[in-house]
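Q: Please examine the model below and set out the reasoning behind the terms applied to it.

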Amino acid sequence: MLNVTDLGEGTPVFWVHGFPLSSGIFEDQLAIRRVRHIMPDLPGFGQSRAPIGDITIDDYARVVIDLVDHRGLDRAVFAGLSMGGYVCLAIARLAPERMKGLILIDTRETADDAETRNGRFASIEKVKQEGTAPIVEGMLPKMLTAGAPQALRDRVREIMSSASAAGVTAALRAMALRHDSSPLLPGIAVPTLVVVGDQDTITPPADAERMAAAIPQARLVRIRGAAHLSNMEQAEEFNRVVAGFTAAL
Ligand code: MLT
């Protein structure tokens, strides 16, 4: 079973979360008006059941495209954070005709280099032996800036801790084996918003700058005082930028 939040009326926006997170990271975005917010928990994350067997980034993309179909929607905006961005870029390749706009949040277009890929496979073994806690505690300090409020840090830890071990290992493998989306960027023919926290060290501003330069209709926005989860850490500013983008579509 797939858990999906579907709230609001207006331009449909599919919000695709990162790793090892859930749709809970987008709770603050529900405040954006004149938008229909559709927020799935990807398989194995939040309250969605883990995939049976291996899954690819393209499979996650098909899960989202199915949601578009099931709702009888023709086109929608796809907004993906980090791993969710990898998924949205796969949607841009698999179903460009369904895309009305694209929002790439703290993400990158390139595939893993060998070192990162090997690290993912080592992490899979670690999760099999020790569960998801080492991944959660290892990633948490990079999700937010050092000055982020403790309550926000606790919320992010809680969201990360809801991921199942099977979901986490499947996603690590999917990310390790994902396509390089660089060749796709010049052909993206919809308005695109590229957002990045100015202190993001997981997918740094240089990644966002490179994507925005390669996508014809892209606008780049740096969010000050935010790390990887720029939508949570500076929700008000993030929402203002997204609301402007969706209103102009
Ligand atoms: C994420 O936030 O989705 C992950 O950090 C992405 C990644 O590990 O490549």
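A: One convention comes first: Ala, Val, Leu, Ile, Met, Phe, Trp, Tyr, Cys and Pro count as nonpolar, Asp, Glu, Lys and Arg as charged, and the others, Gly among them, as polar. The model is predicted. By this convention, the lining of the largest cavity divides into 4 nonpolar, 3 polar and 5 charged residues.

Q: Which residues make up the lining of the largest cavity, and how do their classes divide?
A: The lining consists of Ile57, Asp58, Tyr86, Leu89, Ala90, Arg93, Arg108, Glu109, Thr110, Arg178, His179 and Ser181. Helix H1 (57–70) and helix H2 (83–94) are the elements that each give two or more residues to that lining. H2 provides the largest share, 4 residues. Ile57, Tyr86, Leu89 and Ala90 fall in the nonpolar class, whereas Thr110, His179 and Ser181 fall in the polar class. Asp58, Arg93, Arg108, Glu109 and Arg178 are charged, in agreement with the division of 4, 3 and 5.

Q: Why is this space called a cavity and not a pocket?
A: The term cavity applies because a 1.4 Å probe fits at its points but cannot get out. The count comes to 1 cavity of 30 Å³ or more, and the largest cavity has a volume of about 70 Å³.

Q: What is the volume of the largest pocket, and which residues lie closest to its centre?
A: The largest pocket has a volume of about 530 Å³. It is lined by 24 residues, of which Thr116, Arg120, Met139, Lys142 and Ile202 are the closest to its centre. Helix H3 (114–130), helix H4 (133–143) and helix H6 (165–176) are the elements that give two or more residues to this lining. By class, the lining has 9 nonpolar, 8 polar and 7 charged residues.

Q: Where does the ligand sit, and what makes that statement valid?
A: The ligand sits in the largest pocket. The statement is valid because more than half of the atoms of the ligand lie within 2 Å of the grid points of that pocket.

Q: Which residues surround the ligand, and what are their classes?
A: The shell comprises Gly18, Phe19, Ser82, Met83, Tyr86, Arg120, Met139, Met175, Ile202 and His228. It has 6 nonpolar, 3 polar and 1 charged residues. Arg120 is the charged member, and Gly18, Ser82 and His228 are the polar ones.

Q: What makes the pairs of Phe19, Tyr86 and Arg120 with the ligand polar contacts?
A: The cut-off is 3.5 Å between N or O atoms. A backbone N or O atom of Phe19 lies 2.7 Å from an oxygen atom of the ligand, a polar side-chain atom of Tyr86 lies 2.5 Å from a ligand oxygen, and a polar side-chain atom of Arg120 lies 2.8 Å from a ligand oxygen. Each pair therefore meets the criterion. The ligand alone exposes 270 Å², of which the protein buries 94%.

Q: What is particular about the backbone at Phe19 and Pro20, and at Ser82?
A: The peptide bond from Phe19 to Pro20 is cis, with omega near -15°. Pro20 belongs to the loop between strand S2 (11–16) and strand S3 (35–40). Ser82, in the loop between strand S4 (76–81) and H2, has phi near 55°, a positive value in a residue other than glycine.

Q: How do the classes divide in the lining of the second largest pocket?
A: That pocket holds about 190 Å³ of space, and its lining has 1 nonpolar, 6 polar and 4 charged residues. Ile159 is the nonpolar one, while Glu27, Asp41, Arg155 and Glu158 are charged.

How values were computed: Residues are numbered from 1 along each chain as its sequence is written. This is a predicted model: local features need pLDDT of at least 70, side-chain atom pairs count only at pLDDT 80 or more; totals for chains, interfaces and linings use all residues. Side-chain values use heavy atoms; hydrogens and water are left out. On a 1 Å grid over the protein atoms alone, a cavity is a set of points where a 1.4 Å probe fits but cannot get out, and a pocket is an open set with protein on both sides within 12 Å along at least five of seven lines; lining residues have an atom within 4 Å of a point. Grid points are joined across faces, edges and corners, and a volume is the space filled by probe spheres set on the points. A residue is near a molecule or strand if one of its heavy atoms lies within 4 Å of it. A polar contact is a pair of N or O atoms within 3.5 Å; within protein, one must be able to donate a hydrogen and the other to accept it, and residues adjacent in sequence count only if both atoms are side-chain atoms. Accessible areas come from the Shrake-Rupley method with a 1.4 Å probe; for residues, only the protein chains shown count as cover.
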